[in-house]
Amino acid sequence: MGILKESLKRGCRTLVSRKIYVGLMIIVPLAATFFFLNLMDSGLPVPVPVGVVDQDHSSISRQLIRMLSSSQLTEIKVEEESFNKAMEDVRTGKTMGFFLIPTNFQEKAIGGEQPTLSYYSNLTYYVPGTMALRGFKTVAVTTVGGMAVTKMVKIGVPEDMSMAMVQPVVVQTNAIANPWMNYNYYLSASFIFCLFAMFILQITAASVCYEIKDGTSVQWLKTAGNNIYVALAGKLVPQTIVWWAVGGVIEVILFKFNHFPLNNHAMHMIVAMMLMVIACQGFSLIICCAVPNLRLSLVLCSLLGILTFSLAAISFPVSAMYGSLGIISYIFPFRYFFLIFSDQALNGIALYYSRYYYVALLVFPLLAISMAWMLKKRMLNPVYVP
Amino acid sequence: MNVFKKIGDWWTDTFRVWRREFKLVFSDVGVLMFFFGLPLAYPVLYTLIYNPEVVNDIPIAVVDHSRTAASRELARMFDATQAMKVYDYAPTLADARVLMNEHKVYGILEIPTDYSRKLGSNEQAVTTFFCEMNLLLRYRTILLALADIQLDLGAKIQTQKVDMIGLPAQGMNQSPVNSDAVMLGDPTQGFCSFIMPGVLMIVIQQSLVLGVCMLFGGHRERLRRNGGVDPLAVDAPVSATMFGKLMCYFAIYVPLVFFMLYLLPDMFSLPHIGDPWQYFSFVIPMITASVFFGMFIAQFVRDRESTMLVVVGTTMIFLFLSGLTWPRFAMSPFWQLVGDIVPTTWGVEGFININSAGSDLAEQRTPYTMLWILAAGYGLLVYVLRRLARVKGGANRA
C-alpha cells in the first residue's frame, strides 16, 4: 500500500510542477466552454442579412418585401436596383443572398404569362445560406400559393376549396427533442467535449512521455516498486480526478444552467463523461505504448484529436462517408460519448439502446492495461530522440 | 557610402538567416511534419472525409393508418426523393419509434386514417413527419425534401381536381407564378464544397504557427542546454532575422499554396471559379500575417513539445471565430473584435469569396487590407518583444 501512496504523491507533485498542465486541464476547458456558449448564445444565427432587388415596384412586390422583412429568418439589409449590384453584395459578404422580383411581375402574373420569382442564396456559408434559402422559399411558396388561390376564386372555385386545391397535403414536421432547432445544442455540446477529449489525450501522453524525455522515468518506476500498474495509477489517477471534476462542472454548466436538453436521468451523462475520461486516457496510453517518444506520441494525439472533430461525425454522418473512412470513426472514444449524448441527453431513450456505447468506452482502458508492459521496457531505458 | 554599406550588410544578414533557417527546417522532422505533412496530407484527408458532399437516402419508417392507394403513393414519393428512402413500414407509431431508437431510421412518416378521404372531399390532408435531430445535416436535407414533396403533390392533385370538377383545364393546371431557387458558390449544396475552402486557410495559418513555434521552442531548448547561448544563432539585427525567416517560410509555402489552393480544388471538383492571380495575391498577406502571428505566439512556448499543447487546441477556436460555422454577423461585438485580430478570420472570408463566389481583390479590399494591417501589427509587436529580449538576454538571438 505504501508504494501506491508514494506514487500517488509523486503523481500529484509532477502534476502541479508544470503550469501548462493546470492551464490545459482546468482553465482552458472552462474558458472554451464559456467561449462556445457565449458565442452561440442565440441558438440560431438569425435573422440573416439579405438583399432584395425590386424591379417591379408594384403592390405585389411591396407586399413581398414586407413578408421578407417580417420573416423570422431574414432581415433586409439592402434594397438594390440591379441584379449586378445585388450579386456584388453577396460576393463581398454584405448579404447572404437576395430575392429578385423581375420587371412587370404583377402585370404578367395577372395576365397569365407566368413570370418567375428567383431567389439566390450564398451556400458557401452553409448555415446562414440555408436560413436565407428557407426564408426565401417560404415567402416564394406563400406568394405563389396565394396567387393561385386568387386565380381560382376568380374563375369561380369556392375559396376554402381552392385553398385545399393549392396545398392539398400538408406535412407537419416535428423535430424530436429540439423543436426550437437550436443549433447551439449540437455545436456547443459536441465541440466542447471533443476539445475536452483532445486535451485528455494530449495531457496524458505529455505527462507520461515527459518523464521519458527528462530521464526521470526510472525514478518514477522505482517509486512504484518497479510495478508499472502502480506507477501508472499513481500518475493517472490524480489526473482522472481533475478531469472528472472539470467534466462534471462543464456538464452542470450545460445541462443545469444553460438548459441543454437532458431527457433522462443526469447520471447517464455523468457516467458517460467519467467513462469517456478513462477511455481517452486509455487511448492516449495505447499511443504512448506504441510510440514511447514525447514528440511522436504528442503529434499523434494532437492529429487524432483534431481529426476527431470530423471523423466522430458530429456534423457529417458516418453513414454518408466512404465506408473505409467511416469505420475509423469508431476508434475514437469521443464518438461513443457523442452517441450517448444524442441517445440519452437529447432523445432520452432507454439506456438499453446505448448499452454498447458504454461498453465500448470500457474497452479502451482495458486495452491500455494489457499493453502497459511495452511502456515499462522503454521507461527503464529512457532515450530521448530529438 | 556608409548608408549603402549598412543596407548591404543588412541584406547579407538576411540571407544568412534565411540559409540558417532552411537548414533548421530541413533537419527537424517535427517541423517538416508541420510544414509539409500538414499542408499536404490534411486537406486531402479532410476532403476525403467530406467528399460524399450530401446525405442521401436517409432511412425512414412509414406508419400508414390510411392504407389506401393515395397513402401508398405518398410513401412512394418519399421513397423516390434523393433525400430519403423507406426503410420499413410499421403498424403503430410505437413500433416505428423502436426502429428509430435502434438507429435504423431517422424519420417517421405518419399518414392519418382520413388521408384519402380528405383528399377526395377537397379538404386539406395533414400528415405528420417526425424527424430525429441527432444531426442537423439530416434534418436540413429532410426539411428541404419535404417542401418539394408538398409542392409536387400539390401540383399533381390540383391537376386531377381541375379535370374532375370540369373547369377549363387550360391555364388552370399551371401556377400563375413560378419560383426558382439559385444556389450561389456551392450549387450542389455540398458539405465539402462549403467547408474545404475555409479549412485550407486554417491549415495554412495553423501549420505555419506550429512550425514557427516549434523552431522557436528548439531555439529556447538550445539556449537552456548551452548556458544561454544558441550555437546556431546568426548574429543579425532583429529586423533582418525576422525578414530572413519570413523569406524562408515563403520559399517553402509557395509550392504548398499552389497545391492547396490551385490543384486540390481541381482534384476533388470543389468550387473553384476564382482567378488564380487574385487568390495568390490574396494569400501573400495571409502568409505574412500568419508567420508574424506565429512568432508572437512563440513567445509563450518553452520547448518544442509544448508547442502542440499551446497551439493545437486553438484551431477550433479560430475555426469558430472565422465565421465559417457560425456566421460573424450573429456574433457579439466582443467576439467579432477577438476574431478581427486572427489572420484566419480574414483569410477565410476573402478566400471563400474569391474562390467560391468568383470575387476579385478589389471587392475583397477589407479582408485584404486587414491582413496587411495584422501582418504589420504582429510584425511590430514581435520586433519590439525581440528587441527587449535582446536588451535583457544579451546573446539571446533567434
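**Exercise 1.** Which residues make the nonpolar surface patch of about 420 Å²?

*Solution.* This is a predicted model, in which local features need pLDDT of at least 70 and side-chain atom pairs count only at pLDDT 80 or more, while totals for chains, interfaces and linings use all residues. Residues are numbered from 1 along each chain as its sequence is written, chains are lettered from A and ligands numbered from 1 in the order in which they are written, and side-chain values use heavy atoms, with hydrogens and water left out.

The nonpolar patch consists of A:Val22, A:Ile26, A:Ile27, A:Val28, A:Leu30 and A:Val249; patch residues have over 30% relative accessible area and no salt bridge (a side-chain nitrogen of Lys or Arg within 4 Å of a carboxyl oxygen of Asp or Glu), and nonpolar side chains are joined within 5 Å, like charges within 9 Å. Its largest share, 5 residues, is supplied by α2(A), where helices are DSSP runs of H or I with at least four residues.

**Exercise 2.** Is A:Ile27 buried or exposed?

*Solution.* A:Ile27, which lies in helix α2 of chain A, has 53% relative accessibility and therefore counts as exposed, since buried means under 20%, exposed over 50% and partly exposed in between, with a 1.4 Å probe and protein chains only.

**Exercise 3.** Place B:Trp18 in its chain and list its contacts.

*Solution.* B:Trp18 belongs to helix α1 (residues 2-26) of chain B and, at 22% relative accessibility, is partly exposed. Leaving aside residues up to four places away in sequence, B:Trp18 touches B:Gly244, B:Met247, B:Cys248 and B:Ala251, contact being heavy atoms within 4.5 Å. The C-alpha atoms of B:Trp18 and B:Met247 are separated by 6.6 Å, although these residues stand 229 residues apart along the chain.

Note on methods: Helices (H or I, at least four residues) and strands (E, at least two) are DSSP runs, numbered from the N terminus. Accessible areas come from the Shrake-Rupley method with a 1.4 Å probe; for residues, only the protein chains shown count as cover.
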